[in-house]
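Hi everyone, thanks for making time this morning. I'd like to walk you through a structure that is probably new to most of you, so please keep the viewer open while I talk.

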Amino acid sequence: MASTAANTAPKSDFEAREPESKVSIASENGEGENGIKSYDVTVQIRRYNPEISEEAHWDEFKVQMFGTDRVLDVLHKVKWEIDGSLSFRRSCAHGICGSDAMRINGRNRLACKTLLKDLDLSKPITVEPIKGLPCEKDLIVDMEPFFQAYREVMPFLVNDSHEPERERYQSQADRARFDDTTKCILCAACTSSCPVFWTDGQYFGPAAIVNAHRFIFDSRDDAGDMRLEILNDKEGVWRCRTTFNCTEACPRGIEITKAIAEVKQAILARSF
Amino acid sequence: MATPLKTRISAPRSNDNVVNGIKYNRSNSKRNNFEMLAWLFMRVSGVILVVLIFGHLFVNLMMGEGVHRIDFGFVGGKWANPFWQVWDAVLLWLAMLHGTNGIRTIIMDYAEKDSTRFWLKLILFLAAAFVLLVGTLVIFTFSPCPTGSPAELLPSFCPAP
């Protein structure tokens, strides 16, 4: 901590209590963490606390960060050292749990996967909650409508055959058919970037369709027809306008719009 | 992917989930293929419209003397031919239905309340029905030289009454 603190702004009382969070990474020219560039970052965070005001507002914080830091580190620094009332979700902090999807500089990202060095730091970084879901406090939204749509596509294996004594076999080609959509971490970055979902939240949304796709095209699953019927809904796949916002927002790089198109094709193929 | 399990299992359905006054009840029992057919219609009619519209533009604006020969007589002459009557009628119907469905989509995407949606769609459908009706009537009943009209109102190419 001491070597890190040497580079940071004036030591506050909190600093001593901050847990060691930085791994020592050697920079390209072989220097230790003292060689890592540090810079001042201005961050604007959308604050909302219904117990104080129904109006949301922007708070601005200036913090000194390092070249290896992420937006999540900025939020940590703000919460741990400046304003403890800042609320946001994060669990694993390594891009797997999908808790910290937020709107960073107007784009849906995971705060833990967005490196500061990739952002334009000459302007303030804006951090907002994801859109289209009811905000509960600061960066925390109510995910229930999102998970409701997810549950309704039956995101679990349905198989009517005799219970096998060993694993159910599947060829590599059959497994590859739905490989892309197995990567989903349910962070809601896609669904909350979808302008159709923003309107009234009735659309199933990209994430639910991606997770339906994962089972519809699984050779071991028997309920593909039912899922196609569920998604052949007024609020199902036909509301997709192929704006590709979801594909761009996905932190796992899933080709979501393509997956939705494949579900559309499967519904058409089954109807004609 | 194709075993009919429906008789024994049913898809999990949540009860109305209301958050901040918004009901998230996307699943109702009224499922039909309307949205699928509408989606398909947009693709198919779009391809046909490209042919019809560019054919229309080429014949009217490029062939012969081009745009300068378009007058009352030119339109009357075209609609004397059943081929152009059918061409224009198909063009009218596909373009109107394609456009109407496009605007219906925009209304669904941008109107936030069901009542707003209902009224906007009602206006849209009435307008579309009116244009289709009047357009079809004109294409198939157009008569450049109506009998019994005063001679000074008739175009020059009409046979003298």
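I'll begin with chain A as a whole, then go through its sheet and its core, and finish with chain B.

One thing to say up front: what you see is a predicted model.

So, chain A. It has 272 residues, and 42% of them count as buried. Its secondary structure comes to nine helices and seven strands. If you take the contacts in chain A between residues at least 6 apart in sequence, 65% of those join residues at least 24 apart.

Now let's turn to the sheet. Which order do the strands take? In chain A, five strands make an open sheet that runs β2-β1-β5-β3-β4, and the pairing is mixed. The edges belong to β2 and β4 of chain A, the latter covering 107-110; each has a single partner strand, so one side of each is left without a neighbour in the sheet. Going from one strand to the next, the twist averages 30°.

Let's take the pairs one by one. Strand β1 of chain A, residues 38-49, and strand β2 of chain A, residues 53-66, are antiparallel and share eleven bridges. These two form a hairpin, with three residues between them. If you'd like to find the bridges on screen, A:Arg46 has A:Trp58 in β2(A) as its bridge partner, and A:Arg47 has A:His57, also in β2(A).

β1(A) also pairs with strand β5 of chain A, residues 125-128, and here the sense is parallel, over three bridges. One place to look is A:Gln44, whose bridge partner in β5(A) is A:Thr126.

Then there is strand β3 of chain A, residues 101-104, which pairs with β4(A) in the antiparallel sense over four bridges. There, A:Ile104 is bridged to A:Arg107 in β4(A). And what packs on this sheet? Helix α2 of chain A, residues 71-82, does, touching β1, β2, β3 and β5 of chain A. The direction of helix α2 makes about 105° with that of β2(A).

Next, the interior. The largest nonpolar core has 66 residues, and those with the most contacts inside it are A:Ala188, A:Ala207, A:Ile209, A:Leu231 and A:Val263. Helix α6 of chain A, residues 206-216, gives the largest share of this core, with seven residues. Where does the core lie? Both domain 1 (2-140) and domain 2 (143-271) of chain A give residues to this core, so it lies between them.

For a close-up, centre your view on A:Val263. Leaving out residues up to four places away in sequence, A:Val263 touches A:Ile209, A:Ala212, A:His213, A:Ile216, A:Leu231 and A:Val237.

Finally, chain B. An unreviewed UniProt entry lists residues 36-59, 79-97 and 118-142 of chain B as "transmembrane region". What does the model show there? Residues 36-59 of chain B are 100% helix and 0% strand, with end C-alpha atoms 35 Å apart. Residues 118-142 of chain B are 96% helix and 0% strand, and their end C-alpha atoms are 35 Å apart.

That's my tour, and I'm happy to go back to any part of it.

Notes
Residues are numbered from 1 along each chain as its sequence is written. Chains are lettered from A and ligands numbered from 1 in the order in which they are written. This is a predicted model: local features need pLDDT of at least 70, side-chain atom pairs count only at pLDDT 80 or more; totals for chains, interfaces and linings use all residues. A nonpolar core is a set of buried Ala, Val, Leu, Ile, Met, Phe, Trp, Tyr and Cys residues joined through C-beta atoms within 7 Å. A residue is buried if 20 or more other C-beta atoms lie within 10 Å of its own, exposed if 12 or fewer, and partly exposed in between; C-beta atoms are placed from the backbone. Domain bounds come from an automatic or database domain assignment. Two residues are in contact if their C-beta atoms, placed from the backbone, lie within 7 Å. Two strands pair if DSSP finds at least two bridges between them. UniProt positions are given in the numbering used here, feature names are shortened, and annotations may be inferred rather than shown by experiment. Axes are lines fitted to C-alpha atoms, for helices over the stretch in contact, and angles run from 0 to 180 degrees between N-to-C directions.
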